[in-house]
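Welcome! Here are some short exercises to work through with the model open beside you. Try each task yourself before you read the solution.

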Amino acid sequence: MNKHRVRRLFGALACICLVFFLTWFFTEFVGQRTEVEGMSMSPTLKDKENLILDKISYRFRDPKRYEIVVFPPKYKENTYYIKRVIGLPGETVEIWKGEVYIDGQCLPGDDSYGKIEDPGLAAEPFLLGEDEYFVLGDNRNDSIDSREPEVGAVRREDILGRAVFRVWPLTEFGFLSRKRG
């Protein structure tokens, strides 16, 4: 082989390595595609929709109320839940007469999700720690979320990112809003 071919081969290998590195870097630290499984976030998100997660913004700020986050449950491997942040660190969450209360105040606008039939762990005041979040599915009566012992409060370090963009189906292509609408 002559020097020219060797240089071209090394150049091609360097480009391939760069592409693999950038792909790894992007999916590890910046964004990631995920697929919705089930109807717990209906009508906001539906089964089989594909989303892009923002994995970088939570490195600089904390999750905010109403953002849709992705996290692994405590007792299931290779599974991720997609839920909406309702309770923030230090707050007390309670579900009383089908309504969500934060620090004793009814969560404004939450009635659009319908009355919650089973308050689960939030039947009694549920105090969140300094790095814990209370999450609910938008389909309040068909969701495994912070009301269930298998999920409970979600620790900040367990949140992988926030769902920000829907890529599939194409008819729903676009950014997700913080509030259901």
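## Exercise 1: A charge and a ring

Task: Find Lys83 and say which ring it lies over.

Solution: Look for the ring of Tyr81, because Lys83 lies over its face, at 5.5 Å from the ring centre. That is within the 6 Å cut-off for a charge over a ring. Keep in mind that you are looking at a predicted model.

## Exercise 2: How far to trust the model

Task: Where in the protein chain is confidence lowest, and where is it highest?

Solution: Start with the whole chain, whose mean pLDDT is 80, with 84% of its residues reaching 70 or more. Next, go through the elements: helix H1 (residues 3–30) has the lowest confidence, with a mean of 68, while E9 has the highest, at 94. A general reminder helps here: where pLDDT is low, the predicted coordinates should not be read in detail.

## Exercise 3: Aromatic pairs

Task: How many aromatic pairs does a search of the whole structure find, and how are the rings of Trp96 and Tyr101 arranged?

Solution: The search finds three aromatic pairs. In one of them, Trp96 and Tyr101 have their ring centres 6.1 Å apart and an angle of 65° between the planes. Planes over 60 degrees apart count as edge-to-face, so this pair is edge-to-face. Phe126 and Phe134 form another edge-to-face pair, at 5.4 Å centre to centre and 70° between the planes.

Now check accessibility. Trp96 is partly exposed, because its relative accessibility is 46%. Phe126 counts as buried at 15%, and Phe134 counts as buried at 0%.

## Exercise 4: Nonpolar cores

Task: Which residues touch the most other members of the largest nonpolar core?

Solution: This core has 14 residues, and Ile86, Val100 and Phe134 touch the most other members. Then ask which elements supply it: strand E5 (92–96), strand E6 (99–102) and strand E9 (132–136) each give two or more residues. Apart from this core lies another, of ten residues, including Phe71, Val85, Val135 and Val151.

## Exercise 5: A residue in a loop

Task: Is Asp138 buried or exposed, and which side chain does it meet in a polar contact?

Solution: First, locate Asp138 in the loop between E9 and E10. Its relative accessible area is 1%, so Asp138 is buried. Finally, follow its side chain to that of Arg84, where a polar contact of 2.7 Å joins the two.

## Exercise 6: Neighbours of Leu160

Task: Which residues does Leu160 touch, not counting those up to four places away in sequence?

Solution: Find Leu160 in the loop between strand E10 (154–155) and strand E11 (161–168). Its contacts of this kind are Lys55, Val70, Phe71, Pro72 and Tyr80. Ile56 is 104 residues apart from Leu160 along the chain, with 9.4 Å between their C-alpha atoms. At 31% relative accessibility, Leu160 counts as partly exposed.

## Exercise 7: Positive phi

Task: What is the sign of phi at Lys48 and at Lys97?

Solution: Begin with the general picture: most residues other than glycine have a negative phi. Lys48, in the loop between strand E1 (31–35) and strand E2 (50–54), has a positive phi of about 75°. Lys97, in the loop between E5 and E6, has a positive phi of about 50°. Lys97 is exposed, because its relative accessible area is 64%.

Notes: Residues numbered from 1 in each chain as written. Heavy atoms only, no water. Phe/Tyr/Trp six-rings, centres within 6.5 Å; stacked < 30°, edge-to-face > 60°. Buried < 20%, exposed > 50% of the residue type's maximum accessible area, 1.4 Å probe, protein only. Lys NZ or Arg CZ within 6 Å of the ring centre and 35° of its normal. Helix = DSSP H or I, 4+ residues; strand = E, 2+ residues; numbered from the N terminus. Contact = heavy atoms within 4.5 Å. Core = buried A, V, L, I, M, F, W, Y, C linked by side-chain atoms within 4.5 Å. Polar contact = N/O pair within 3.5 Å; in protein donor to acceptor, adjacent residues only side chain to side chain. pLDDT = per-residue confidence, 0-100.
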